[in-house]
Each structure stands twice: as structure tokens, then as C-alpha cells.
Amino acid sequence: MRMIDLSTELRDGMPKPPSAPRVEMRYLLTHSAKEEEEKGFTNKMEQFTITTHVATHIDAPSHFSSKGKNIDDYPVDFFYMVPTIMLDIERDIYGEISMADIARAEQKNGKIREGDMVLINTGSYRRYEEPEYEKSPYLTEDGAQYLASRKVVMVAIDSFTVDDPRKKEKPAHVTLLCKNEIPVIECVVNLDQVSVHRFKTICMPLKVKEGSGAYTRMVAVLEDEG
């Protein structure tokens, strides 16, 4: 068994979508060699100013619907060892991903099964530190509807959003979160380290009270790389 970290780090000035404020981190306490020598210890403590929708995070249905589940409404086992299919659908900036694209990827990478998480690998994660990362590839409405029709439990993507960031309309979010209560994971990274297309995923979110989303330490668990 091998485990691969698919999540981004949290840090000052980290990448964020244009709609989110700058991520700020400062030290409330910093290490002091003199203090450690005198007292036997020294303290370090960080403080973040950050939204719940940057870094590798899970969108709960309440992110887009007042009637939707909050992130803390889910039992922990929902996010543990989730059957996952990774579909390789390489896209440049603002590249769309339709139902037909997903069906073609299934022919190469394996069929989506009921109860799966579908992880869409557009290759966008390679641009995570670049300005172009804001120009996310995105799911079309029929692409999102197709995933929902296959009764998937979550959808993940390696970009800031599953929708076209240039438009105010958000059909993929509405289809997945509002109409089908399918959580969405965004900003997945390190997909070049995953050598198989079917594996298990652990993606426990922070327990944010009535949260519309939460950060996750997303991990691919490769039980069989054959």
C-alpha cells in the first residue's frame, strides 16, 4: 500500500481565486534560541486569515443552497477510503469538459461506478503557482448532469472551480451541490504521482460548524498498483 498527498499547503500569500481575499499568515509567537536555553522550551504559533474555499477544500451543498447540508452534517466515514476513479481529461486554460469528454475518458481509464468519487485530472494542477491557474478548466452543465446520473458520491478537480470562472452562472455547482447534494473537492494536486486510475481516497474535512466548506488533507491510497 502507498499513500500520496493530493493536497496543497496553507501559507501566506498562497494561490487563491480572484473572488477570495489574500491569504495572510503571521506568527503570534516565534522561536527564541535564548528563551529555549534559559527556560528549556520556546513557543511558535501561527494565525491565519483565510476563507474556507482556497487550498484543497471540499464544497458542501450549503455553499450554493440554503437548504443544503453543511460540511459538519456529514459522518466521518463518508470521507474515508472512498472508491475513486481518476479520469485524465487534459485541458488548457478555460478548457471545457463535457459529457462526451467524460464518456471518452471512461473508455481509456475505466468506467464510473455507483458510489465512486470522480477525480478529473485536467493537468491544471501543474499551473498551481502560476497566474494561469485562475483560468480554470471547467465542467459543462451536461458533464455535471452525467456525473450525477452515474450516482457518484463526490466530484474532485485539480483547479479552483468546476465552473467557468469567466461567467456568473454556475451550472456545474448548481447541478452537483444544489440538485444532487454531491460535494465537490477543488485544488487537488500531485496527480502525476498517482500511477493508477482506480484507488481509495481519504479526504477528512475540518469540522467547521455549519460550514459551507472546509480544508481537507486529501490522500490517495494505492492498495494495488498493478
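These exercises work through strand β9 and its sheet in a predicted model.

**Exercise 1. Place β9 in the sheet**

Task: Find the strand order of the open sheet, and name its edge strands.

Solution:
- Start with the overall arrangement. The sheet is open and has nine strands, with mixed pairing.
- Read off the order: β1-β13-β11-β5-β7-β9-β10-β4-β12.
- Check the ends. β1 (2-5) and β12 (213-215) each pair on one side only, and these are the edge strands.
- Add the twist. From one strand to the next, it averages 30 degrees.
- Locate β9. In the order, β9 stands between β7 and β10.

**Exercise 2. Pair β9 with its neighbours**

Task: How many bridges join β9 to β7, and how many join β9 to β10?

Solution:
- Take β7 (residues 117-121). Four bridges join β7 to β9, and the two run parallel.
- Pick a residue pair here. Ile157 of β9 has Ile120 opposite.
- Turn to β10 (residues 184-186). Two bridges link β10 with β9, again running parallel.
- Assign the partners. Ala156 is bridged to Ile185 of β10, and Val155 to Val184.

**Exercise 3. Trace the connection**

Task: Which helix lies on the path from β9 to β10, and what is the handedness of the crossover?

Solution:
- Recall that β9 and β10 run parallel.
- Follow the chain. From β9 it passes through helix α4 (residues 171-179) to β10.
- Assign the hand. This β-α-β crossover is right-handed.

**Exercise 4. Judge the faces of β9**

Task: Are the residues on the two faces of β9 (residues 154-157) buried or exposed?

Solution:
- Sort the side chains. Met154 and Ala156 lie on one side, Val155 and Ile157 on the other.
- Apply the cut-off: buried means under 20% relative accessible area.
- Conclude. All four named residues are buried, and both faces of β9 are covered.

Notes:
Residues numbered from 1 in each chain as written. Predicted model: local features only at pLDDT ≥ 70, side-chain atom pairs only at ≥ 80, totals over all residues. Heavy atoms only, no water. Buried < 20%, exposed > 50% of the residue type's maximum accessible area, 1.4 Å probe, protein only. Pairing = 2+ DSSP bridges. Right-handed = clockwise from strand over helix to strand, strands pointing away. Axes fitted to C-alpha atoms, helices over the stretch in contact; angles between N-to-C directions.
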